[in-house]
Amino acid sequence: MALLDPARSDSPTAPASVAVLVFIHEGSALRDALEAVERQVYEPEVVLVVGGAIPDGQETPPGWVANLAEAQELLDDSITDVWLLHDDSIPRPDALGALLREGRRAEADLVGSKILVAGRPGRLESVGLATDVFEVPASGLDSDEVDQEQYDVLRDVAFVAGSSILMRRSMLDRVGGADPLLEPVTAAVDLCQRVRLAGGRVVVVPSAEVLHDGTCAAESKPWRLEAGRLRAMLKAYSPLTLAWVVPFNFVLGLLEAIVSPFYGRWRLFAFLRAWVWNIWRLPSTLAARRKVVRSAGDDELFRFQVRGSARLTRFWQRVAESMARLASSEQARSLGRVVESGQDTVRRPVVASLLAGVAFAVFASRELWLNGIAAAGNALSPPRSVSDAVQAYAGGWNPADLGSPEPLRPVIGLVSLVQTVLLGRASLTMAVLLVGGAVAGVVGMSRLLGPFGVRPAARYGAGILLIAGPAVRVFAGDGLWTGLVAMALLPWILAVVMHRRSTRAAIASAGLLTALAAALSPAFLLLPTVVALVWSLVQRGNPARLLGRTLAAAGLAIPALLPWIGTIDEFGFLVRSGPDFFWSPSMWVVVATASVAGAVMAAGSDAMHRLAGWGALLAAGGALLARTGSFGWGTEAGSAGMAAAGLGIAIIAGSGLEAGAGAFQQAGAPRYLLLGAAGFAVALLVGTTTLALPGRLGFPSTGLTETLVFTSEATPGRALLLGDEQPMPGGGHRLTDTLAFRVVSTPEPSMTEAWTTPPLAGEIALEEALMDALSGGGFRLGEQLADFGIGWIVTFGEDPALSALDAQLDLIPLAIPDVSAYQVEPAAPRAIDNTGTEWLKVGTTYVGPGGERTVRLAENADVRWGSEWEQAGWQNLVTEASGMIEFGPIATLRRAALVGLVWSGLLVVGAAAFREERA
């Protein structure tokens, strides 16, 4: 043992006898570590080598023991401190003395060292670390930060690196050493937390320097890190903290696993393996938890944790880095490094343009975060219960109008998935989809136009015009949010199929993106192929490769749309459904767009000439398709045409801005033509400010929910929308050329009712009753409507036929500002039993009193409503004793939904597995 000379700077303030335990990880640096221990100025009493496998060619070192427990048994009672070292750690000669001296001065029970990177002089690895509540380390160091003694202050920390830890012998005996099931990082976190819970103090001593070559990092695989963090939480936190930390940790991990393929990583298997590992070892974890000594509570741990979530911050940093890489063919730096590297980097055109484009998208949609989206058109709120939506989607009852066994559209499955990730927050779900779509549209246009030689400012300007131009005004004005988000995915699909070198990678990624777009709007299943076909008309070369890719992607996307796509037997209804789409663009937009396209095609370079021609064909063809309402075509065809027109206008603007930037390389008339083209393109961009300023992406601030607010104090039921089809969600069923009707739930219809289905017996019977009343054939329409569970009528428009409602004896006109409405005088329950008791609809189930009763359900007749069922006209009579009636799922559709889900997962795996950088 070393002589304790008080005059020596490396001596502790009290006598100490130290044992050094060198833990074998990789083993190749063991000899160097032992030699460094021998060089210590403060000599240890004993040195033991613990665990691991001795590398081939090396003899078993003296003092080798199998594990920490055996090492502790060999230690003499005189040992006061134990130094735990990794075999890849090389301590400076004065490191042990500094640990003892400063640890005694601080009265600390666990002391850590300053860790420097071996082989890179002066590079810091850690000087004590913090964690967040999810046990994610936060070092606070910059990348490759040099040690300039800026952290040389003894201080309390959440944990210290396990490469070098000095513990008092009494504390080691009390809490034990590092958990052998954990990799080095989380093992250190876990050990330090147990010391703090036992009432000990954890400090870092910067004067105790250790060089670390990092060979132990090979054990820190992503799944082991994830598994270790969870095990450490389960051991340390109180049950109250675990009740919220563990679910939040699961959701954050799942979100990262889902999104990670898009920023170049694959986290799903690591996430699943970590949770399976913990479930399998839960008995071991609980046994270890019972051994934790608790003299302090969770507050002692929280004191040294960073605010917020380091994990979430790191996740967003990775997403930001991915956006920077995807935004340009140049090698853009991560957004985090952009900020760190100062103004010169921010001023780089690609970075400045990216930030401006994303900032515009967020600014133009800011109100959606605060106030949500109004219920207009198809933009109804997702159901409050995700499980109800999933059950309805997977072979359950479609609640649109008077109900139907028709499958819900694939968008319900997509929205339910997003809503699940967002913990069921319906309004947040819509905001995330719309704001995410806006940002994706801006970046997607840059990704599409970049390889054509369009500069960053021009291509991001085109992206802004895509998500805030004429197409978005139409989509938002009609509440067609699905068309808007699908349009934002369109440039991504085209960029993949046009610019990827590997056909396999292109088809895999395009298949996933096409499935997402088609889930939102079915016409987008074939729209990318049509747009690619138009490109083949202006490019030179064989179009077969491009068209083959888009068609293959569409084929891959089809199974993801099950069960809905497998049950379409009335294709004509799909084409005709929804309000008539008839786009009437302003003359200013037509003139400006045509001027830009004409000037670039006349005087631009060959590349810009082809781009402008492509955009002109898309804009013209899309505009024609968006005016097909006069032919009886409905929303789907119009949405596809509007998206094509919006994409075409954005491409034209991008080519015009790029051509204008190079105008001064021309002479004479061509120069002025190109400058004029750029001027008109800028004018189109300026026009987007009128949409951006209100902050709602053009969506109205009020809608059907506000219209039906007068029904909120009554028992939930049904309302009949009658008159002009345009304000009705998903359109309506036609009575005449100018009149339509639609049945919705009150007080607030959900997204599952946003699209009509082919009329069944109930809708046909309702149509006959309405035609009879509106033609003057009867005066008791309220009595008939009550049989359909309809308690209110809301009318739209000024059609003369609506005046017949005033003549009905059992309809009560309501004096409501800005709304023309009537209340049905007779009681109008959706479900009533043979004792006259009304049953309430809760989610997808009807609930009433117990005891055997026969219930009339005002839903379209279907035998799956009950085991004791009979049809009564268009309705159901169900005999039930349990007090609950629910629709029995259609087994084939449920299996098809499962196939669709599995196939979607395979598309994600394929897109991740076959990723490739752009040419």
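The dialogue below goes through a predicted model and asks what stands behind the terms used for its parts.

Student: What makes up the protein as a whole, in helices, strands and buried residues?

Tutor: The predicted model contains 34 helices and 25 strands, and of its 919 residues 56% are buried. Among the contacts with a separation of 6 or more, 74% join residues that are 24 or more positions apart. The exposed surface comes to about 37,500 Å², and carbon and sulfur atoms supply 59% of that area.

Student: Why is the contact between Glu102 and Arg105 called a salt bridge?

Tutor: The criterion asks for a side-chain nitrogen of Lys or Arg within 4 Å of a carboxyl oxygen of Asp or Glu. The side chains of Glu102 and Arg105 meet at 2.4 Å, N to O, and therefore the pair satisfies that cut-off and is called a salt bridge. Both residues lie in helix α3 (residues 95-106), 3 residues apart, which is about one turn of the helix.

Student: How do you know whether Glu102 and Arg105 are buried or exposed?

Tutor: Buried stands for a relative accessible area under 20%, and exposed for one over 50%. Glu102 has 12%, so Glu102 is buried, whereas Arg105 has 58%, so Arg105 is exposed.

Student: What makes Asp147 and Lys114 a salt bridge, and where do the two residues lie?

Tutor: Their side chains meet at 2.9 Å, N to O, and because the limit is 4 Å the pair qualifies as a salt bridge. The pair links distant parts of the chain, with Asp147 in the loop between β9 (137-138) and β10 (155-156) and Lys114 in strand β6 (residues 110-117), 33 residues apart. Asp147, with a relative accessible area of 19%, falls under the 20% limit and is therefore buried, and Lys114, with 0%, is buried as well. Lys114 and Asp147 also belong to a network of salt bridges that links them with Arg92, Asp152 and Glu209, and the structure holds 28 salt bridges.

Student: Why can the salt bridge of Lys235 and Asp179 be said to tie together separate parts of the sequence?

Tutor: The side chains of Lys235 and Asp179 meet at 2.9 Å, N to O. Lys235 lies in helix α6 (residues 222-236) and Asp179 in the loop between α4 (169-175) and α5 (184-197), so the salt bridge ties together parts that are 56 residues apart in sequence. Lys235 and Asp179 are both buried.

Student: What makes strand β11 largely enclosed, and which strands pair with β11?

Tutor: Of the 5 residues of β11 (residues 164-168), 4 are buried, so the strand is largely enclosed by the rest of the structure. Strand β4 (residues 81-86) pairs with β11 in the antiparallel sense over 5 bridges, and β6 pairs with β11, also in the antiparallel sense, over 3 bridges. Because at least two bridges are needed for two strands to pair, the 5 bridges of β4 and β11 meet the requirement. Leu166 in β11 stands opposite Trp83, and Leu166 is also the bridge partner of Val111.

Student: Why are β19 and β23 called edge strands?

Tutor: The sheet in question is open and is formed by 4 strands in the order β19-β22-β24-β23, with antiparallel pairing. β19 (831-833) and β23 (869-872) each pair on one side only, and they are the edge strands. The twist from one strand to the next averages 25 degrees. β19 pairs with strand β22 (residues 853-857) over 3 bridges, and in β22 the bridge partner of Ala831 is Leu857.

Student: How do you know that the span of helix α23 is close to the expected one?

Tutor: Helix α23 (residues 527-538) has 12 residues and reaches 18 Å from its first C-alpha to its last, against the 16 Å expected at 1.5 Å a residue. Its buried residues include Leu527, Val531 and Trp535, and the buried residues of α23 pack against α21 (481-499), α24 (544-557), α27 (606-625) and α28 (635-661).

Student: What is Pro716 in contact with, once its neighbours within four places in sequence are left aside?

Tutor: Pro716, in the loop between α31 (704-707) and β13 (718-723), is then in contact with Thr746 and Pro747. The C-alpha atoms of Pro716 and Glu748 are separated by 8.8 Å, with the two residues 32 apart along the chain.

Methods:
Residues numbered from 1 in each chain as written. Predicted model: local features only at pLDDT ≥ 70, side-chain atom pairs only at ≥ 80, totals over all residues. Heavy atoms only, no water. Expected span 1.5 Å × (residues − 1). Buried < 20%, exposed > 50% of the residue type's maximum accessible area, 1.4 Å probe, protein only. Contact = heavy atoms within 4.5 Å. Areas by Shrake-Rupley, 256 points an atom, 1.4 Å probe, with all protein chains shown as cover. Axes fitted to C-alpha atoms, helices over the stretch in contact; angles between N-to-C directions.
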